[in-house]
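Got your viewer open? Load the model and follow along, one selection at a time.

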Amino acid sequence: DSLREDDLMARLPGCKATRWHRGAYDIVPVHGGKVAGIKALLDHYGIAQEETMAFGDGENDADMLRFARMGVSMGNGDAEAKAAADYICGDIDDDGLARALEYFGLL
């Protein structure tokens, strides 16, 4: 619950938590996470941010969806992922990912 999460995070200076399920969350360095990983890959391969697309379904994906040129939330995603996305595709169990890739001409 949020009280135990707050207590745990108070013991982990330099870290942040992002929830991806009611009972689960990621703990990463304050300057780490999915966006930092994407930036490192883009820098390494010389790819522009404007060429990125990201898919996600949880609160822990919201920063990544906002960062990518095209952020796509799964139809079954939570409210924060959907709010951060540029496009909301179908449910993962209804071939939402494949249909989104077809919609954008990538499959």
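Before the first stop, one definition: two strands count as paired if DSSP finds at least two bridges between them. Keep in mind, too, that this is a predicted model.

**Stop 1: the hairpin.** Select residues 15-21, strand β1, and residues 24-29, strand β2. They run antiparallel and are joined by six bridges. For one concrete match, pick Lys16: its bridge partner in β2 is Val28. Between the two strands sit two residues, and together β1 and β2 form a hairpin.

**Stop 2: Glu5.** Now go to helix α1, residues 2-10, and click on Glu5. Is Glu5 buried or exposed? The cut-off for buried is under 20% relative accessible area, so Glu5 counts as buried with its 14%. Which residues does Glu5 touch, leaving aside neighbours within four places in sequence? Show Ala17, Arg19 and Tyr25. Ala17 and Arg19 belong to the β1 stretch, 15-21, and Tyr25 to the β2 stretch, 24-29, so you're looking back at the hairpin from stop 1.

**Stop 3: a surface patch.** Switch on the surface and select Leu41, Tyr45 and Ile47. These form a nonpolar patch with about 330 Å² of accessible area together. Ile47 is in the loop between α2 (34-45) and β3. Its relative accessible area is 38%, which makes Ile47 partly exposed.

**Stop 4: the open sheet.** Follow the chain on to the three-stranded sheet, which is open, with the order β3-β4-β5 and parallel pairing. The edges are β3 (53-56) and β5 (87-88); each has a single partner strand, so one side of each is left without a neighbour in the sheet. Zoom in on β4, residues 70-73, which pairs with β5 in the parallel sense over two bridges. Here Ser73 stands opposite Ile88 in β5. Then add helix α5, residues 96-103, which packs on this sheet and touches β3, β4 and β5. The direction of α5 makes about 160° with that of β3.

**Stop 5: Ala100.** Stay on helix α5 and pick Ala100. What surrounds Ala100, once neighbours within four places in sequence are set aside? The contacts are Phe55, Val72, Tyr87 and Cys89. Ala100 counts as buried, at 1% relative accessibility. To finish, draw a C-alpha to C-alpha distance from Ala100 to Phe55: it should read 9.7 Å, for a pair 45 residues apart in sequence.

Note on methods
Residues are numbered from 1 along each chain as its sequence is written. This is a predicted model: local features need pLDDT of at least 70, side-chain atom pairs count only at pLDDT 80 or more; totals for chains, interfaces and linings use all residues. Side-chain values use heavy atoms; hydrogens and water are left out. Helices (H or I, at least four residues) and strands (E, at least two) are DSSP runs, numbered from the N terminus. Contact means heavy atoms within 4.5 Å. Axes are lines fitted to C-alpha atoms, for helices over the stretch in contact, and angles run from 0 to 180 degrees between N-to-C directions. Patches are made of residues with over 30% relative accessible area and no salt bridge: like charges are joined within 9 Å, nonpolar side chains (Val, Leu, Ile, Met, Phe, Trp, Tyr) within 5 Å. Accessible areas come from the Shrake-Rupley method with a 1.4 Å probe; for residues, only the protein chains shown count as cover. A salt bridge is a side-chain nitrogen of Lys or Arg within 4 Å of a carboxyl oxygen of Asp or Glu. Buried means under 20% relative accessible area, exposed over 50%, partly exposed in between (1.4 Å probe, protein chains only).
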